[in-house]
Amino acid sequence: MTAFPHLLQPLDLGCLTLPNRLLMGSMHTRLETLAQPARRLARFYAERAKGGVGLIVTGGFAPSAEGRLEPDGPLFNHSSQIAEHRPVTQAVHAHGARIALQILHAGRYAKVAGAIGPSNIASPINPNAPRRMTEADILGCIEAYAVTAALAREAGYDGVEIMGSEGYLINEFTAPRCNDRSDAWGGTLENRLRFAIEVMARVRQRTGSDFLVIFRVSSIDLVEGGLTREEIAALARAVEAAGANIINQGVGWHEARVPTIGLRVPRAAWSFAARHLKAAVKIPVVASNRINTPELAEAILARGDADLISMARPLLADPEFANKVRQGRRDSINVCIACNQACLDLIFSERAATCLVNPKAGRELDFDRPPPAAICRIAVIGAGPGGLACAVTAAERGHDVTLFEAEAEIGGQLNLARQVPGKEEFDETLRYYRTRIAELGIDLRLNSRPDAALLARLDFAEIVIATGVRPRLPDIPGIAHSKCVSYIELLTGAKVAGQRVAIVGAGGIGFDIAEYLSAPPHEAASAHRHFLAEWGIDTSISGRGGLNAPSGASSSRDILMLQRTPGRMGRKLGLSTGWALRLALAKRQVAQLSGVEYVGIDDAGLHVNVDGKARVLAVDTIVICAGQEPVRELYGDLSAAGRRAHLIGGAERAAELDAMRAIEQGTKLAFAFGV
Ligand code: NAP
Ligand code: SF4
């Protein structure tokens, strides 16, 4: 008996039957910008198909040149491009899965010459104002969607998804926010929905009744001038009547000032909006965004909020997600932690997506290596993210691995990070590694600090030093004062004295500490309620865009962040998540002071110079977050004894210490053993 009966139930869609309720949601990966794009994409999707997902939706392809997100963005508008798609559809079908091509016209989000929209109102996230579409443009555009859908069918796709949400062209037509037309394509609701309905109807007409057509509806726009719940329901019913097989849930426009998928968004936060869609139509509805575990998926389906669950990032993190659910191996799932660091943040900085917890994602061809020629005995010292990734990958490749950890539990810095609101997701990563260590028979030695002599006696073929970092103690007079605590002491339970807190250092960890100190308690229920109130989300979507006035809740403490570098803080925070963290701290009135020189610490507080003027910051607690230094004494001892060892993670480079780099380094190193 499975614990996930709803998730594993087949779904008969008439034109095809899906083996389970899991859909791989569309995600732009930029894999097409790398060498061998067709082979690379085919392997990427084939891996997920092999992993048991029933239906995959590709990243968005524009139906016309001006609908591309950027000048070299994916385009599918001519039969000469069919050959690029065939390897993808064939590779997915070889594993018995289905695949649909997403058709995405970026409208006013297009960063290309000649961008178009229902009006010439520019988006706040694109400096290019669009050109107002003429009647001929509109009719041509509807036809372009149908041409792309027909090409997709010819290329072997089982269906298409029409991207009607997230603020792209179709969504723009539906919303008064940027549709100011007074002709047949704007004004009344009927007119604003016309473009979406015509696109849907033309695609159905051109592709026939036995072809899957998914329509992605914005379930909550999260912008002023967006749609109300009744209008969204009317749109969903209209596309259903025009021939859609499935409604997929979109959440929020890209220009919304509400986070929709990052780790500060509680799990399954948007299932209320899927429920509204489900109540409006009879065809199956897909729930999406921040659903990363089988338990969440099962609960949403069991409640009847939706009929299918979309997961995009979770299948980057673990392509075998569906098979593991089916096989009762839930604890072996490598769960997406919603960090966005190696997927969206890389995409936004014009690099190809991969995954922090699974650096093989998107690089399946690069990791396609034969088994090692020799099985090695390997010692990994340090069970932080780099050491864990190295130990588990080496054991997966058949090596005999011993993993030493000085503490009583695995995790290293992850055990600290998981204390920060939102970063509890690291619990899943730790659970994954614990399970894999047991499954693979890795010899885990906790509370163990081997020295060079012991390692020499045990005669390992390879030694990996992943001993991590220690916090830097800045050279500020009075740093030993009782007001001072390190971020490690704080995250491991030290109490904050008094109301006034200064944070010395505003890197990733300084920001994490500001979040930790200013956020309310984050038990699941209160986190959800707090999220809705803090960002002004109206779950009834009775007003336009589903927005309320956000709560003005400030922190119960006076918090001041400090850095020596002049200028804006947090420039190195993640591109897709940093803005929301900065905004949340600003809402909670966390103060910031840049360009400071630290003079000293005493009973009066923290003495600084700012703009040449001396100031005393009368604070009760000073949290030191001044970066890290590598811990690598063991490496030095081994080198002195003439033993070769590999240095990875923070022990190798403490600056820019990062779980993403450590896991990637550990994984790649494991592939080099015994070849
Ligand atoms: P960091 O990013 O290098 O920041 C260190 C901070 O300490 C800087 O603000 C620096 O600013 C200050 N500092 C450095 N030397 C100092 C000194 N001698 N005296 C006083 N202040 C000093 O390091 P971190 O905050 O420890 O973070 C480590 C890594 O963890 C980051 O590189 C990041 O990749 C990762 N991380 C990321 C996130 C995220 O949000 N994505 C969250 C947590 C951690 P000034 O020199 O201007 O004073
Ligand atoms: Fe999920 Fe982070 Fe991996 Fe992206 S990089 S798929 S958010 S774990």
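**Close-up 1. Arginine 330, a buried residue in a loop.** In this predicted model, arginine 330 has a relative accessible area of 13%, and that puts the residue under the 20% limit for buried. Look for arginine 330 in the loop between helix H10 (321–326) and helix H11 (344–348). Its neighbours, leaving out residues up to four places away in sequence, are Phe4, Thr293, Pro294, Glu295, Lys324, Val335, Glu428 and Arg431. With one of them, glutamate 428, arginine 330 makes a side-chain to side-chain polar contact of 3.3 Å.

**Close-up 2. Lysine 668 and glutamate 664 in helix H21.** Here's a salt bridge inside one helix: lysine 668 pairs with glutamate 664, and their closest N and O atoms are 2.9 Å apart. Why are the two separated by about one helical turn? They sit four residues apart in helix H21 (residues 659–671), so about one turn lies between them. Lysine 668 counts as partly exposed, at 44% relative accessibility. Elsewhere, salt bridges with shared partners link up into one network made of Arg267, Arg290, Glu295, Arg330, Glu425, Glu428 and Arg431. So you meet Arg330 from the opening view again, this time as a member of that network.

**Close-up 3. Glutamate 396 and arginine 436, a salt bridge between two helices.** How many salt bridges does a search of the whole structure find? It finds 45. In the one shown here, glutamate 396 and arginine 436 bring their closest N and O atoms to 3.0 Å. Glutamate 396 belongs to helix H12 (residues 385–396) and arginine 436 to helix H14 (residues 426–440), so the pair ties together parts that are 40 residues apart in sequence. Are these two partners buried or exposed? Glutamate 396 is partly exposed, with a relative accessible area of 34%, whereas arginine 436 is buried, at 13%.

**Close-up 4. Glutamate 629 and arginine 472, joined across the sequence.** These two side chains meet in a salt bridge, at 3.6 Å from N to O. Glutamate 629 is in strand E26 (residues 628–630), while arginine 472 is in the loop between strand E17 (469–471) and strand E18 (484–486), so this pair ties together parts that are 157 residues apart in sequence. Glutamate 629 is partly exposed, with a relative accessible area of 34%. Arginine 472 is partly exposed too, at 36%.

**Close-up 5. A five-stranded open sheet with a helix lying across it.** Follow the strands in the order E15-E14-E13-E16-E27, with parallel pairing. Which strands are at the edges? They're strand E15 (443–445) and strand E27 (646–647), each of which pairs on one side only. Within the sheet, strand E13 (residues 377–381) and strand E14 (residues 400–404) run parallel and are joined by five bridges. To pick out one pair of partners, find valine 380 and its bridge partner in E14, leucine 403. Helix H20 (residues 633–640) lies across E13, strand E16 (462–465) and E27, and runs at about 145 degrees to E16.

**Close-up 6. Helix H19 and the glutamine that follows.** Which residues of helix H19 (residues 578–587) are buried? Among them are Gly578 and Trp579. Ala580, Leu581, Ala584 and Leu585 are buried as well. Just after H19 comes glutamine 589, so to speak the odd detail of this view: check its backbone and you'll find a positive phi of about 60 degrees.

Methods
Residues numbered from 1 in each chain as written. Chains lettered and ligands numbered in written order. Predicted model: local features only at pLDDT ≥ 70, side-chain atom pairs only at ≥ 80, totals over all residues. Heavy atoms only, no water. Buried < 20%, exposed > 50% of the residue type's maximum accessible area, 1.4 Å probe, protein only. Polar contact = N/O pair within 3.5 Å; in protein donor to acceptor, adjacent residues only side chain to side chain. Contact = heavy atoms within 4.5 Å. Pairing = 2+ DSSP bridges. Axes fitted to C-alpha atoms, helices over the stretch in contact; angles between N-to-C directions. Salt bridge = Lys/Arg side-chain N within 4 Å of Asp/Glu carboxyl O.
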